[in-house]
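Me: I'd like to learn how to read a model like this one, feature by feature. Could you walk me through it?

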Amino acid sequence: MINIRKADIDDVITISKLGRITFSDTFESFFNDKNDLLDYLEDIFSEKRIHDSILKAESIYWIAFYDSIPVGYAKVKLDFTSQLIIPPNTCYLDKIYVVKKFISKGIGKELHKILMQEIIALKYQRIWLSVLKENQKAINFYHKKGYQIISQYSQNIGSQKFDFFVMALNLDEKAT
């Protein structure tokens, strides 16, 4: 059975572990230098970084459980824009990560549904995200939800360059 709730400060260690596991499972094969991956994991999924992020009013986390086992999480940044996205009332879907063994259980879909309900209730008009160009599974997931590719960019992680699509969804077009 799937249970999803908002995460809080008591979930920092769990989210840190889930982030490291799910990111490694999904992206390890794309890294030529495993030290770049390890450095990234240590930085992005450090307990301190997640602790500080959870405390920010503009960050909302949800944690998903399957039969009371933590198996995934999502994070949205409210009012988050970049040079790629300028409109007001826009938020950023930073992460939907699910442990590989549980992906087929519909947990990502449920996390997306819950976060969309929340941001629509908060009157956001647009949500955007970035996705690795090679991550066709994620691209297909978001396309099914109504997101469209609107831009692309490159970013270095360690010594390696990665290419990303920017995808966006106008919330008056599709709600879940």
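Me: Let's begin with confidence. Which element of the protein has the lowest mean pLDDT, and which the highest?

Reply: This is a predicted model, and pLDDT is the predictor's confidence in each residue, from 0 to 100. Strand E6 has the lowest mean among the elements, at 94, while strand E2 (residues 59–66) has the highest, at 98. Over the protein, the mean pLDDT is 93, and 95% of the residues reach 70 or more.

Me: OK, and how do I get the overall layout? How many helices and strands does the protein have?

Reply: Count the elements, then read their order along the chain. You'll find five helices and seven strands here. Starting at the N terminus, the order is β-α-α-α-β-β-β-α-β-α-β-β.

Me: Now strand E4. Is it mostly covered or not, and which strands join it?

Reply: For cover, look at relative accessible area: under 20% is buried. Strand E4 (residues 90–98) has nine of its nine residues buried. For partners, look at the bridges and their direction. Strand E3 (residues 69–77) pairs with E4 in the antiparallel sense, over six bridges. Strand E5 (residues 126–132) runs parallel to E4, joined by three bridges. Tyr92 is a handy residue to click on: Tyr92 in E4 is the bridge partner of Lys77, and Trp128 in E5 is the bridge partner of Tyr92.

Me: What kind of unit do E4, helix H4 and E5 make?

Reply: Follow the path from strand over helix to strand and note its handedness. With H4 spanning residues 107–121, E4, H4 and E5 make a β-α-β unit, and a right-handed one.

Me: Back to E6. How many bridges join it to E7, and what lies between the two strands?

Reply: Check the pairing, then the turn. E6 (residues 148–157) and E7 (residues 160–170) run antiparallel, with nine bridges joining them. One residue pair to look at is Asn156, which stands opposite Lys161 in E7. The two strands form a hairpin with two residues between them, and Gly158 in that turn has a positive phi of about 65°.

Me: Last one: why call the protein's radius of gyration in agreement with a compact globule?

Reply: Compare the value with what the chain length suggests. A compact globule of 176 residues would come out near 16 Å, and the protein has 16 Å, so the two agree. Its C-alpha atoms fill a box of roughly 40 × 35 × 30 Å along the principal axes. As for cover, 45% of the 176 residues count as buried. Contacts add to the picture: of those with a separation of 6 or more, 64% come from residues 24 or more positions apart.

Notes: Residues numbered from 1 in each chain as written. Predicted model: local features only at pLDDT ≥ 70, side-chain atom pairs only at ≥ 80, totals over all residues. Heavy atoms only, no water. Pairing = 2+ DSSP bridges. Helix = DSSP H or I, 4+ residues; strand = E, 2+ residues; numbered from the N terminus. Buried < 20%, exposed > 50% of the residue type's maximum accessible area, 1.4 Å probe, protein only. Right-handed = clockwise from strand over helix to strand, strands pointing away. Rg over C-alpha atoms; globule rule 2.2 N^0.38 Å. Contact = heavy atoms within 4.5 Å.
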